[in-house]
Amino acid sequence: MNFWITLVIVLITYVGIAVGKWPKLSVNRTTLTVIGVGLLLAFRQIALENIRDYLDVDTLILLFSMMVVNAHLQLSGFFRVAAHLLFRLTRGPRVFLAVEILLAGVLSALFLNDTICLMLTPLVLSLLLSLERNPVPYLIALATAANIGSTATLTGNPQNMIIGVSSGIPYAQFAGALTPIALLGLGVVWVVLVLFYPQEFRENRFPDMLPSQLNVLRPQLTKTLLVITAMLVGFLAGIPVALAAFLAACTLFFTRRVDPDKILAEVDWSLLVFFAALFILTGALEANGITHRLFELLNFQGNLSVLGLTSVSVILSNLVSNVPAVMLLRPVVAGSAHPVAGWLTLAASSTLAGNLTLLGSVANLIVAEIASRRQVNLTFGEYARSGVVITIITLVISVVWLQWMVWH
């Protein structure tokens with residue numbers, strides 16, 4: 001093995017992940033990561049028989065299981081009901097914004113934030129366009145609230161899943177520490193957007209709309225909600241999150257009504273492959289001693305503070321995205337003097353950092369891409385105008401809260 005060969009291959013791969021492509025090649029982040037693993041094998045920086053040692057199977061099972069749960073919610077009509085209730089409970093833009101932010105935040109805490117954006121964006125967008133409103137602030141609200149809400153739990157986003165499996169922190173302890181940050185952050189989103197878009201959020205009522213027919217599969221929805229309730233109880237009871245989620249997914253597969261092919265078609269297999277390959281890349285860095293040497297140069301090993309770890313996490317998350325950043329920082333946090341405080345800080349900072357720019361998280365990109373299909377242009381600059389302010393304020397809240405509650 002050669003230090004420099006491994007480092008160059010991984011750096012080139014990470015640059016591709018950050019940019020989303022390599023020049024003149026038809027590739028995406030998943031295939032780039034797989035190519036990186038292939039290069040490590042070709043140059044004998046890792047051995048084929050050792051690959052299984054690098055895979056974090058618990059995280060992959062947890063991610064797959066939550067995708068299955070989300071697929072059942074989608075096919076049963078849960079997200080259509082949620083969007084319908086969103087409008088029925090509100091009659092003015094400010095209240096609508098508040099309920100939208102709360103709904104996106106709570107759902108993202110319980111399920112994957114990317115999935116929440118994927119399901120709610122077209123529904124919210126259709127509603128706002130039919131009301132002839134400016135959808136941009138509401139789209140920013142959906143993306144940022146989904147990211148912030150997902151901070152609260154181990155199952156809110158992929159990086160928290162990795163941290164949960166790596167740290168062994170109980171679900172209830174994790175949620176108890178980070179839920180206040182998420183709730184305060186959701187309030188920040190509402191205040192910032194109301195101040196930045198005064199024309200849109202004047203106190204005027206929405207026009208009445210004719211009720212629409214909701215296509216809901218009630219038996220499937222009822223069963224799915226019961227299984228999810230049991231899963232959440234399992235989380236709180238201390239059952240390992242990967243095991244509880246997998247058992248929930250298996251239970252949902254016991255059905256006479258739903259074609260399993262429809263469920264499996266909703267699973268993001270590309271994302272699962274991306275994670276598996278990413279585990280191998282970061283495993284190669286650790287196995288070859290690169291991660292240890294890099295953080296020794298930064299004088300970072302073992303001397304963690306809430307501000308220092310937050311700063312490094314935010315920088316890395318916006319350079320290579322939050323999931324690779326968490327994987328890179330795992331050995332540093334695990335070997336620190338205060339690992340629990342470090343894990344909680346890493347979870348909060350890497351997730352909140354995703355709101356800095358439109359490219360900061362997959363949830364942001366999902367919202368922007370779906371909007372573009374409806375000729376609604378959420379630009380990089382338009383998003384950043386609010387996103388930067390939201391990110392700075394929520395990170396300050398996070399640092400102050402964690403310093404007071406966890407690092408003291």
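**Close-up views of a predicted model**

**View 1. Helix α18, residues 339–352, in the predicted model.** Helix α18 has 14 residues and spans 20 Å between its first and last C-alpha, close to the 20 Å expected at 1.5 Å a residue. Twelve of the 14 residues are buried, so the rest of the structure largely encloses α18. Among the buried residues are Gly342, Trp343, Leu344, Leu346 and Leu352.

**View 2. Valine 333 and its contacts.** Valine 333 belongs to helix α17, residues 322–334. Its relative accessible area is 0%, so valine 333 is buried. Leaving aside residues up to four places away in sequence, valine 333 touches Leu304, Leu309, Pro339, Gly342, Trp343 and Leu346. Of these contacts, Gly342, Trp343 and Leu346 are among the buried residues of α18. From valine 333 to asparagine 322 the C-alpha distance is 15 Å, with the two residues eleven apart in sequence.

**View 3. The salt bridge of aspartate 56 with arginine 330.** The search of the whole structure finds two salt bridges. In the one formed by aspartate 56 and arginine 330, the closest N and O atoms are 3.5 Å apart. Aspartate 56 sits in the loop between α3 (51–54) and α4, and arginine 330 in helix α17, so the pair ties together parts 274 residues apart in sequence. Aspartate 56 counts as buried because its relative accessibility is 12%. Arginine 330 is also buried, with a relative accessible area of 14%.

**View 4. The salt bridge of arginine 133 with glutamate 200.** The closest N and O atoms of arginine 133 and glutamate 200 lie 2.9 Å apart. Arginine 133 is in the loop between α7 and α8 (136–150), while glutamate 200 is in the loop between α10 (171–196) and α11, so parts 67 residues apart in sequence are tied together by the pair. Both arginine 133 and glutamate 200 are buried.

**View 5. Packing around helix α5, residues 78–88.** Phe78, Phe79, Ala82, Ala83, Leu86 and Phe87 of α5 are buried. The buried residues of α5 pack against α4 (57–76), α6 (93–110), α7 (113–130) and α11 (218–237).

**View 6. A nonpolar surface patch.** Ile5, Ile35, Leu39 and Phe43 make up the patch, and together they have about 300 Å² of accessible area. Isoleucine 35 is located in helix α2, residues 29–42. With a relative accessible area of 33%, isoleucine 35 is partly exposed.

**View 7. Cysteines 117 and 250.** Cysteine 117 is buried at 0% relative accessibility, whereas cysteine 250 is partly exposed at 29%. The disulfide count is zero.

How values were computed: Residues are numbered from 1 along each chain as its sequence is written. This is a predicted model: local features need pLDDT of at least 70, side-chain atom pairs count only at pLDDT 80 or more; totals for chains, interfaces and linings use all residues. Side-chain values use heavy atoms; hydrogens and water are left out. Helices (H or I, at least four residues) and strands (E, at least two) are DSSP runs, numbered from the N terminus. The expected span of a helix is 1.5 Å times one less than its number of residues. Buried means under 20% relative accessible area, exposed over 50%, partly exposed in between (1.4 Å probe, protein chains only). A disulfide is a pair of cysteine sulfur atoms within 2.5 Å. Patches are made of residues with over 30% relative accessible area and no salt bridge: like charges are joined within 9 Å, nonpolar side chains (Val, Leu, Ile, Met, Phe, Trp, Tyr) within 5 Å. Accessible areas come from the Shrake-Rupley method with a 1.4 Å probe; for residues, only the protein chains shown count as cover. A salt bridge is a side-chain nitrogen of Lys or Arg within 4 Å of a carboxyl oxygen of Asp or Glu. Contact means heavy atoms within 4.5 Å.
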